[in-house]
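Student: Could you take me through one part of this structure closely? I'd like to look at the place where the two chains meet.

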Amino acid sequence: MMRASRSVLSGTLLGELALLSFAIILPWLLTALGEDYYIGFATRLLIYALAATSLNFVVGYGGMVAFGHAAFFGGGAYLVALLMTGGLLSAWANWPLTMLIVALLAWAIGAISLRTRGVYFIMITLAFAQMIYYSVISLKIAGGDDGLPLDQRSSLFPFDLGNDHILYWLALGLLAISLLLLKRLSHSRYGHALAGIRQNETRMEALGYPVQQLKLACFVIGAVLAALAGALLVNQNGMAGPGQLYWTQSGMLLVMVILGGVGHRYGGVLGAFVLLGLEEALAQVTEHSHLYIGLILLAVVLYAPRGLAGLFFKSR
Amino acid sequence: MMTQLIIEQLLNGLQFGLMLFLLAAGLTLVFGIMDMINLSHGSLYMGGAYLGAAATQASGSFLVGLLAALVGMALIGLLLEVVLLRRLYQRDHLSQVLATFALILIANELARMIWGPQPLMLNAPEVLSGPVDLFGISYPAYRLLIIVVGLAVAGLLYWLVGHTRAGMWVRAGASNREMAQALGIDVRKLFTGIFALGAVLCALAGMLLGPLLAVQVGMGEDILILAFVVIVIGGIGSIRGALVGSLLVGMVDTLGRALLPTLLRTITSPDIAAHVGPALASVLIYLLMAAVLFWRPTGLFPARA
């Protein structure tokens with residue numbers, strides 16, 4: 001461990017830089033190949049990777065199996081769309097405001113939900129997410145069952161988000177920054193305290209750590225990052241839809257995290273890439289792609305208990 | 001007029017609650033005894049409805065369809081438990097979520113491949129298609145049958161779990177699995193039996209609700225979440241909790257949907273009431289669950305001491 005961190009360019013870091021460089025030039029490559037459609041697809045991959053990563057922080061680092069992450073992911077999308085309908089077009093003001101509102105929401109939901117544990121925590125987070133889903137689809141200003149379309153993308157002066165390349169790079173940048181941030185966080189005092197809580201909550205309480213507050217903070221951080229992913233998603237899709245708030249969306253994100261590797265730094269990214277990639281690839285060759293995805297997921301559960309990341313990387 | 005409406009809705013709520021109980025009973029035992037999250041429980045319900053509808057169409061008899069659904073799903077349940085689920089008991093909840101989510105995808109796609117994307121038609125038996133007179137209220141005969149069957153099955157389960165040797169094992173397993181094993185109860189066999197029983201109850205619910213709701217892909221997911229709400233409210237592993245939770249959820253949901261829009265109209269404009277009413281009704285049961293968990297974090301009737 002010490003030796004690896006001492007060498008300036010360790011193997012992992014080199015790999016990471018190579019992947020990042022490839023990701024940066026990808027839009028130009030796709031445009032050159034005349035495959036512009038895939039820029040949108042790649043952007044979607046990055047957005048879902050960010051959302052799954054945010055959930056992985058809550059599940060893998062905080063040890064809280066939250067089954068209502070769609071409330072924050074889809075909620076972010078809806079809030080951005082609502083604020084834009086209200087005339088707040090600038091992403092510089094709109095997105096932070098959205099994240100702030102979602103943070104408050106997550107703080108309230110988390111504070112109540114953390115009274116329960118285990119399976120009951122799973123179900124109460126689901127309950128809150130479903131409440132938000134049904135409330136939103138009843139709101140006329142949120143477009144009801146039809147969702148809320150955007151006339152244009154957020155403005156991010158001096159950048160033009162209307163350009164698909166720019167939106168892609170923004171998603172890539174935000175994902176990279178978030179991953180870096182979460183890595184720093186997990187190596188900080190706070191991260192070690194979270195790891196301690198995950199191993200033995202009672203002991204950490206006895207040591208005087210404010211366990212509930214630390215877990216709540218983790219829950220809120222995850223929610224805020226999910227809202228950021230939602231802000232990107234609504235710009236990519238051109239609308240906020242009820243499906244983004246429904247429990248199947250929460251289930252999808254959870255499946256991505258478990259598939260990729262719970263608690264692994266790249267678990268969320270890997271899971272999102274593989275699941276969405278599989279869906280896209282299988283859809284080209286068969287009508288029944290879900291059958292094969294189901295079989296693949298089963299195989300992963302039975303033969304790769306620590307997720308895909310556990311197959312490829314030794315440590316987290 | 002108003003009282004008639006309310007009584008009718010109370011009966012509907014009872015009927016919905018009893019059907020939820022059929023699903024929740026199996027789910028809560030699987031959950032309580034083996035500590036296993038089974039998201040694919042709703043797929044068993046869908047499977048029962050499809051098998052029953054197909055067999056009814058082929059034979060022309062509702063009873064033959066019902067029999068096919070029950071026997072078919074018992075076999076599928078057995079097979080599923082022995083081949084796959086048995087390997088998941090010792091794993092963590094997340095692995096179980098992933099595996100059973102995969103089963104949902106597979107089951108939905110299989111149903112679509114075999115029966116196509118269109119919903120299947122399943123009609124109630126001819127003799128029960130009309131209304132019956134019930135203390136001066138006319139109520140659909142088929143719905144009344146569902147209530148009767150539901151009550152009978154609930155009574156049977158209560159007797160089975162509360163007053164037989166096998167039921168004693170089940171309760172012992174739910175309150176402390178290791179201790180039950182140490183005392184010589186074959187938990188493996190017990191659980192295979194419970195899972196098959198759960199599948200049969202799912203099939204019964206699917207078959208009975210088939211004529212009222214559409215038999216289609218995805219029908220399992222909607223009701224699955226309700227069943228989870230029920231067992232969480234009742235306390236995981238408790239049959240009594242599942243019954244109380246089912247009736248609570250069934251009543252609150254049905255009455256909310258039927259009466260809230262009307263009630264709201266008396267205090268707000270009809271336009272707002274028409275929009276807010278249904279949404280508020282959908283939120284009610286989740287509100288109920290959150291409230292129960294807030295005051296009783298392990299449900300109303302915790303099975304574990």
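Tutor: Happy to; here is a walk across the contact between the chains, with a short stop inside one of them afterwards. Please keep in mind that this is a predicted model.

Let's begin with who takes part: chain A brings 40 residues to the contact and chain B brings 44 residues. Between them the two chains bury about 3,900 Å², and 81% of that lies on carbon and sulfur atoms. On the chain A side, the residues that lose the most area to chain B are A:Tyr120, A:Trp247 and A:Val301, which together make up 17% of what that side buries.

Now for the polar side of the story. Across this interface the rule finds zero salt bridges, while seven residue pairs, both at pLDDT 80 or more, are in polar contact.

Which elements build the chain A side? Helix H6 (119-138), helix H11 (247-260) and helix H13 (289-303) of chain A each supply at least two residues. The largest share, 13 residues, comes from H6(A). Sorted by class, the side of chain A that touches chain B holds 30 nonpolar, seven polar and three charged residues.

Finally, let's step to a residue in helix H3 (residues 37-61) of chain A, namely A:Thr43. With a relative accessible area of 1%, A:Thr43 counts as buried because that value falls under the 20% cut-off. Setting aside neighbours within four places in sequence, A:Thr43 is in contact with A:Leu167, A:Tyr168, A:Ala171 and A:Gln236.

Definitions and conventions
Residues are numbered from 1 along each chain as its sequence is written. Chains are lettered from A and ligands numbered from 1 in the order in which they are written. This is a predicted model: local features need pLDDT of at least 70, side-chain atom pairs count only at pLDDT 80 or more; totals for chains, interfaces and linings use all residues. Side-chain values use heavy atoms; hydrogens and water are left out. Contact means heavy atoms within 4.5 Å. Buried area is the accessible area (1.4 Å probe) that two parts lose on being put together, summed over both. A salt bridge is a side-chain nitrogen of Lys or Arg within 4 Å of a carboxyl oxygen of Asp or Glu. A polar contact is a pair of N or O atoms within 3.5 Å; within protein, one must be able to donate a hydrogen and the other to accept it, and residues adjacent in sequence count only if both atoms are side-chain atoms. Helices (H or I, at least four residues) and strands (E, at least two) are DSSP runs, numbered from the N terminus. Ala, Val, Leu, Ile, Met, Phe, Trp, Tyr, Cys and Pro count as nonpolar, Asp, Glu, Lys and Arg as charged, and the others, Gly among them, as polar. Buried means under 20% relative accessible area, exposed over 50%, partly exposed in between (1.4 Å probe, protein chains only).
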